[in-house]
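Got your viewer open? Let's walk through a few spots, one selection at a time.

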Amino acid sequence: MTKNQVELSPEQAGALELLRSGENVFLTGGAGSGKSFLIRQYMREIDPKEMPILASTGAAAVLLGGRTFHSFFGLGIMDGGPDATYQRASNDNRLMARLRKVEGVIIDEISMIPGQALMIAEALAQKARESKLPWGGMRIICVGDFAQLPPVAQSGPRDWCFLNGVWEQSGFQSVLLSHNQRVSDNLFLDVLSDVRHGRVNDRVREFLNDHVREHDEDDPGTRLFPRKINAEKFNQKKLDEINEDEVVIDSIYLGSEKHIEMLKKTAPVPLKLVLKLGCRVMFLQNDPQRRWVNGTRGYITDISIDKITVRKDNGREVEVDKTTFALQDAEGNVVSSVIQFPLTLAYATTIHKSQGATLDDLWCDLSQLWEPGQAYVALSRLRTAEGLHLIGWNPRSIIVDPKVLHFYSQQR
């Protein structure tokens, strides 16, 4: 095996073969089952110009180094409803040319794409490619887990894209990764499966009760809050407690004013990164040299203008350079970028932002959640149950949409 090859499980190897097959594929599975890892493997083999990866949100697009689904298909914010959106987009010659040029697209975090958006995108692909085939013959790979975060609902029932007729017509070959690569503890795996399916049984109650703790604010574990304001407050409080000078590192923005404003809303880094020697930080992206992954944490041991030294929690010190996060337009051209260290304070983050990260220990309050999948996303960040500290929990916070359960029961 060469240095760049990685060992795939039989399940992953089968999934990779399906991705290579030319079929429309829906790659799914619970948190930690290796969906993102497999897509990264597959993308090494293909031309990103012919098969671009599209993210569900602007923030995810900046982290992926890709475009959003809405910008690629010219949907904008879909004001005026489906018909008006279709009419506007279908008169866009650059969009029509773009949809003719690609072989297909990979849609990441498909659970957050509303059904209406999928429906309009498919109609536009048919028009551009002058074909009544599903997606006009364009190839579609969808990746994600509908038991995690849902599409943003304005009002009324959730517009899951698998409920839209386009999903059925697309003829997806479904592959469900069932093996959790992150967790090896059987009881914890069973509890995660129960929570994913919305089951609050004796096993779940006992497990969660066993992990309820009085909040120890000095414990180094990351806090996951459902709301951004609480995470920001806690980070600031912990930073204030360190008796060192603040070091303020300005983010450097490049590009047109309009696109810089858009990037400021979506980039994972703040306008100013405020740190102190000894503060706890978390990495925001995977390192190409594999020295850290998204979610790796440690303490700052040295700060200079262009380098920060972080002692990771496993004891190894690494030097971190600034990196570039970019916003691409619909054509895939970089329209604005920001240069900053790929670090954020690690005392707290939101459940939403933690999606995709792997943590060794966390503190979380599962008392007042409101989104389907929120409790599952929070709990499934962990490698082991030992790292779980619950400030509280409530059975009403363990929510799953019955339509999602029905959908997955059909997938087996």
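Here is a short tour of some loops, a strand and a surface patch.

Before you click: this is a predicted model, where local features need pLDDT of at least 70, side-chain atom pairs count only at pLDDT 80 or more, and totals for chains, interfaces and linings use all residues. Numbering runs from 1 along each chain as its sequence is written, and side-chain values use heavy atoms, with hydrogens and water left out.

Start with Asn 24, in the loop between helix 1 (10-20) and strand 1 (25-29); helices (H or I, at least four residues) and strands (E, at least two) are DSSP runs, numbered from the N terminus. Asn 24 is buried, at 12% relative accessible area; buried means under 20%, exposed over 50%, and partly exposed in between (1.4 Å probe, protein chains only). Now add Ser 170: its backbone oxygen lies 2.9 Å from a polar atom of the Asn 24 side chain.

Next, select Glu 109, in the loop between strand 4 (104-107) and helix 7 (115-129). What is the phi of Glu 109? It's positive, about 50 degrees, although this residue is not a glycine. Most residues other than glycine have a negative phi. Glu 109 is partly exposed, at 21%.

Hop to Glu 130, in the loop between helix 7 and strand 5 (139-143). Here too phi is positive, near 50 degrees, while Glu 130 counts as exposed at 75% relative accessibility.

Last stop: Asp 250, in strand 8. Asp 250 is partly exposed, at 41%. Select Asn 93 as well: the two are 157 residues apart in sequence and 39 Å apart in space, C-alpha to C-alpha.

Methods: Polar contact = N/O pair within 3.5 Å; in protein donor to acceptor, adjacent residues only side chain to side chain.
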